[in-house]
Amino acid sequence: MKALEETMKPNFMLLAVREARRGMNRGDGGPFGAVVVLNGEVVGRGHNRVLRTKDPTAHAEIVALRRAARKLGRFDLSDCVLYTTCEPCPMCLVAILWARVSRVYYGCTAEDAARAGFDDRAFGEILAGRRRSPLAMTPLGREDCLPLLEAWREKPDRVEY
């Protein structure tokens with residue numbers, strides 16, 4: 001079984017590479033592509049669409065995850081595998097974790113991406129607490145917002161995620 005899995009990896013990675021090249025050549029965004037695979041079938045694919053959509057969250061992994069979730073009709077992708085042309089940025093990594101994807105295969109490293117002008121190391125350092133964030137964040141209206149969380153916790157038909 002492992003031999004079969006090993007022979008499949010390059011094929012799915014090549015699909016991610018083709019997706020990245022297609023988006024880059026169309027001017028949609030940076031040179032990144034991703035595919036989500038379930039039981040040997042591609043259920044979501046995406047390339048960077050930041051420039052096309054003017055959406056800073058339209059990274060390849062996010063686009064592929066959204067398409068996979070929509071196709072499968074669920075937000076839990078724990079039985080899926082993600083192939084992406086580059087090590088996920090902090091935003092994409094968190095989205096992958098929220099989707100509960102079981103495994104990620106990536107091509108280029110974050111260092112490779114930084115050399116090409118896509119340097120997100122500062123975000124990782126902020127999230128790790130090694131660097132101060134330039135973002136001003138101020139608590140406001142907790143007493144008005146807290147009842148929302150309490151109502152959710154008491155909601156009998158809530159869906160855990």
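Start by selecting Pro90, Cys92, Ala95, Ile96 and Ala99: these are the buried residues of helix α4. Keep in mind as you click around that this is a predicted model. Now show what surrounds those five side chains. The cover over the buried residues of α4 includes α3, β3, β4 and α6. It helps to recall that an α-helix has 3.6 residues a turn, so residues three or four places apart point the same way.

**Step off the end of α4**

Select arginine 100, just after α4. This residue sits in the loop between α4 and β4. What is the sign of phi at arginine 100? Phi is positive there, about 65 degrees, although the residue is not a glycine. That's worth a pause, as most residues other than glycine have a negative phi. Arginine 100 has a relative accessible area of 37%, so it counts as partly exposed.

**Zoom out for the whole chain**

Colour by secondary structure. You should find 7 helices and 4 strands in the protein chain. Trace them along the sequence and the pattern reads α-β-β-α-α-β-α-β-α-α-α. The C-alpha trace spans about 55 × 40 × 30 Å along its principal axes. Of the 161 residues in the chain, 34% are buried. Among contacts with a separation of 6 or more, 49% join residues 24 or more positions apart.

**Strands β3 and β4**

Next, select residues 81-86 for β3 and residues 103-108 for β4. In which sense do β3 and β4 pair, parallel or antiparallel? They pair in the parallel sense, over 5 bridges. To get from β3 to β4 the chain passes through α4, the helix you started on, and this β-α-β crossover is right-handed. For one pair to look at, pick leucine 82, which stands opposite valine 104 in β4.

Stay in β3 and pick threonine 85. Is threonine 85 buried or exposed? Its relative accessibility is 10%, and since anything under 20% counts as buried, threonine 85 is buried. Show its contacts beyond four places in sequence: Met13, Ala16, Val17, Ala20, Pro31, Phe32, Gly33, Gly107 and Cys108.

**Follow a contact into α1**

One of those contacts is Ala16, so select alanine 16 next: this residue is found in helix α1. Because its relative accessibility is 0%, alanine 16 counts as buried. Leaving out residues up to four places away in sequence, alanine 16 touches Gly33, Ala34, Val35, Tyr83 and Thr85. Now try the distance tool from alanine 16 to isoleucine 62. They are 46 residues apart in sequence, and their C-alpha atoms are 13 Å apart in space.

**The β1 and β2 hairpin**

Val35 was on the alanine 16 list, and valine 35 has arginine 45 in β2 as its bridge partner. Select β1 (33-38) and β2 (residues 41-47) together. These strands pair in the antiparallel sense over 6 bridges. Between them are 2 residues, and in this hairpin asparagine 39 takes a positive phi near 50 degrees. Look along β2 as well: 5 of its 7 residues are buried, so it is largely enclosed by the rest of the structure.

**Two loop residues to compare**

Go to the loop between α1 (2-26) and β1, and pick aspartate 28. At 0% relative accessibility, aspartate 28 counts as buried. Beyond four places in sequence, aspartate 28 touches Gly23, His47, Asn48, Arg49, Val50, Leu51 and Arg52. Stretch a line from aspartate 28 to arginine 115, 87 residues away along the chain, and the C-alpha atoms are separated by 21 Å.

Then select lysine 54, in the loop between α2 (50-53) and α3. Lysine 54 is exposed, with a relative accessible area of 69%. Its phi is near 60 degrees, a positive value in a residue other than glycine.

**Last stop: the largest pocket**

How much space lies in the largest pocket? About 510 Å³. Of the 24 residues that line this pocket, select His59, Cys89, Pro90, Asp120 and Phe123, the closest to its centre. α3 (60-72), α4 (90-99), α5 (110-115) and α6 (121-127) each give at least two residues to the lining. Colour the lining by residue type and you get 17 nonpolar, 3 polar and 4 charged residues. Pro90 brings the tour back to the start, as one of the buried residues of α4.

Terms used
Residues are numbered from 1 along each chain as its sequence is written. This is a predicted model: local features need pLDDT of at least 70, side-chain atom pairs count only at pLDDT 80 or more; totals for chains, interfaces and linings use all residues. Side-chain values use heavy atoms; hydrogens and water are left out. Buried means under 20% relative accessible area, exposed over 50%, partly exposed in between (1.4 Å probe, protein chains only). Contact means heavy atoms within 4.5 Å. On a 1 Å grid over the protein atoms alone, a cavity is a set of points where a 1.4 Å probe fits but cannot get out, and a pocket is an open set with protein on both sides within 12 Å along at least five of seven lines; lining residues have an atom within 4 Å of a point. Grid points are joined across faces, edges and corners, and a volume is the space filled by probe spheres set on the points. Ala, Val, Leu, Ile, Met, Phe, Trp, Tyr, Cys and Pro count as nonpolar, Asp, Glu, Lys and Arg as charged, and the others, Gly among them, as polar. Two strands pair if DSSP finds at least two bridges between them. A crossover is right-handed if, with the strands pointing away from the viewer, the path from the first strand over the helix to the second runs clockwise.
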